[in-house]
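Let's take a friendly walk through this model together. Keep the sequence and the 3D view open as you read.

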Amino acid sequence: MKSTYSYDTLFPIGNIDPKVWSSFTEHLGRSIYGGIYDPDKPFSDKNGFRNDVKTAVKDLNLGVIRYPGGNFVSNYDWKDGIGPKKDRKKRMDFAWSTVEPNQFGIDDFCAWAKEVGVEPMIAVNLGTGSIKSAAELVEYCNHDSGTYWSDLRIKNGHREPYNIKYWCLGNEMEGDWQAGHMSAAQYADKAREAAKMMKWVDSDIKLVACGSSYEMLPTYLKWDETIMKQLYPYVDYISTHNYNMNSGQGAQNFLASWKQLDDHIQNTKNVLNYSKSLQPKFKDKDIKICLDEWNVWNMQDIKMDSLDDLNGMTTFELTDAKKWEEHPAILQEKYSLLDALVVGGLGITILNNVDAVEIACLAQLLNVISPITTDEDGHLLKQTIYYPFQLLTEYGRGEVLKPHIESDTQSTDYGDIPVVETATVYDKANQQLHVFALNSDTKQSSTLALHLTGFKSINLTEHITFTGDDLKAINTFENPNNVIPTKLSTENESLDNLTLPKASWNVLTFD
Ligand code: AHR
């Protein structure tokens, strides 16, 4: 199969914001406890932070990390997580039916984020939490001194304010699995008042309104339309979440499922455009999309029948976990090569939407539906999905160009779409071009021809490919390098005739 893509520097989609490569960590399973924080272990530092995790996270060069939830945040009181650890209370966490020991809180997260060189993006509890408590959290984190909450931060050992810029106004408030779930109109009222108060404390902060995520809910998009009527003047971003699940659709279809994310993002773009047209006073203000949860999630330990009626569900039912345990090993998805190729395809889609998507968080980062897993003995494993994500964060910097495409298409559950999907990033500073290409043909290689009008002579200098004969292959602690990307020879490749192995995800670099 042959596909031709023509690119010109004159046709940019947009610049890649560094926050496009971000992640998310929630008080859920072993994401915080056993992931970030594992005190009194030889492989952790004096703060109890795992050294191996710090190194692996630093290597990803992430923009922001969203914290502390997720569903967890909607019944979380941040005040339980500050002060002397011995005095902290254990609380019930209703999102995951576990016990939260509160040994890690906002101060710990900010200290860790500083060490790994990322900006925190903090979600406030707009479910059971009050707007006052949300504003107090901003005061605790960002106010210099001389008030109760800022002085308490100092007393707790943190003289300098954290100056946290990005704040999420709740999480998935559209769903009744969320503690304190409410209607769109109620959410708009509460979020508007929270936004006002939080910005009164610190006018420099940027706010993310909680948009709709779940396409099967009757409120999908209507929610966004309703909340934006009120929130447009107050916020800077609207969030949406998107998880792609295999669920037996077959490899060819699953590989094409980037199209579902693309449609999902277009839907949010459309509702934003419509909302803007209703705000003549704000015609110069663009609200951006914060895709603050995206990944493949095959829900390996969630009872599938509990998802049949998502709208009537009070909690995710887990197959194995007992209730009210502290940081049980739940949602520890094992990712295959196929999952990794899909994650690579989703990354391509994110790149092709950087005109609207300014923040995107791979959900999650550690142990829970994550690229990185750890065991209790100090070992760290990079799962298959780590690799496309790492390559995206490394090579996906610069400006994304829009192609003219002539390509064979395939018929999939997502419509007729190109067999080869690409995103092209122009790194002007280094005069390099990176082409990310997913060949979703599982039976044969594809040929890619690139016409780079507007570029001077340019040569293929590197071809990294991620592929293999066994799409079900995974990495394990015993066999950690079972599925890793490899470099192909560039010797006999010409721009007109680039070979992409069957079922592969590729990064082609041109100098
Ligand atoms: O990432 C796991 C969960 O998925 C999050 O807590 C929630 O926001 C989403 O439904």
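A good place to begin is the loop between strand E4 (64-67) and strand E5 (91-93), where Pro 68 lies. Helices here are DSSP runs of H or I with at least four residues, strands are runs of E with at least two, and both are numbered from the N terminus. The peptide bond that leads from Tyr 67 into Pro 68 is cis, with omega near 0°. Follow the backbone a little further and you meet another cis bond, from Gly 69 to Gly 70, with omega near 15°. Gly 70 belongs to the loop between E4 and E5 as well.

Before going on, a word on what you are looking at. This is a predicted model, in which local features need pLDDT of at least 70 and side-chain atom pairs count only at pLDDT 80 or more, while totals for chains, interfaces and linings use all residues. Residues are numbered from 1 along each chain as its sequence is written.

Which residues surround the ligand? They are Glu 26, Gly 69, Gly 70, Asn 71, Asn 171, Glu 172, His 241, Glu 293, Ala 363, Gln 364 and Ile 369, where being near means that the C-beta atom, placed from the backbone, lies within 6 Å of the molecule. Both glycines of the cis bond between Gly 69 and Gly 70 are thus part of this shell. By type, the shell holds two nonpolar, six polar and three charged residues. In this count Ala, Val, Leu, Ile, Met, Phe, Trp, Tyr, Cys and Pro are nonpolar, Asp, Glu, Lys and Arg are charged, and the others, Gly among them, are polar.

Glu 172, one of the residues around the ligand, deserves a second look. You will find Glu 172 in the loop between strand E8 (166-169) and helix H5, and its phi is near 40°, a positive value in a residue other than glycine. Glu 172 counts as buried because it has 24 C-beta neighbours inside 10 Å; the cut-offs are 20 or more other C-beta atoms within 10 Å for buried, 12 or fewer for exposed, and anything in between for partly exposed, with C-beta atoms placed from the backbone. Met 299 also has a positive phi, about 50°, although it is not a glycine. Met 299 sits in the loop between strand E11 (288-296) and strand E12 (325-326) and is partly exposed, with 19 other C-beta atoms within 10 Å.

Now step back to the whole chain. Its secondary structure comes to 10 helices and 26 strands, and its C-alpha trace spans about 65 × 60 × 45 Å along the principal axes. Buried residues make up 49% of the 511 in the chain.

The domain assignment, which is automatic or taken from a database, gives domain 1 (17-395) and domain 2 (400-510). Their centres, taken over C-alpha atoms, are 30 Å apart. Across the boundary, 34 residues of domain 1 are in contact with 32 residues of domain 2, contact meaning that the C-beta atoms, placed from the backbone, lie within 7 Å. Elements giving two or more residues to the domain 1 side are helix H7 (251-255), helix H8 (258-277), helix H9 (337-351), strand E15 (380-382) and helix H10 (386-395). The largest share, nine residues, comes from H9. This side of domain 1 divides into 17 nonpolar, 13 polar and four charged residues.

Thr 384 lies in the loop between E15 and H10 and is buried, with 26 other C-beta atoms within 10 Å. Beyond its neighbours within four places in sequence, the contacts of Thr 384 include Leu 337, Asp 339, Ile 474 and Val 483.

Two helices round off the tour. Helix H1 (residues 51-60) has Val 53, Ala 56, Val 57 and Leu 60 as its buried residues. They lie on the same side of H1 because they cover an arc of only 95° around the axis, the arc being that of the directions from the helix axis to the C-beta atoms. An α-helix has 3.6 residues a turn, so residues three or four places apart point the same way. The cover over the buried residues of H1 includes helix H2 (106-116), strand E14 (372-374), E15 and H10. After H1 comes Asn 61, with a positive phi near 55°.

In helix H6 (residues 222-231), the buried residues are Trp 223, Asp 224, Ile 227, Met 228 and Leu 231. Their arc of only 115° around the axis puts them on the same side of H6. They pack against helix H5 (184-201), strand E9 (206-209), strand E10 (237-244) and H8.

Key: Two residues are in contact if their C-beta atoms, placed from the backbone, lie within 7 Å.
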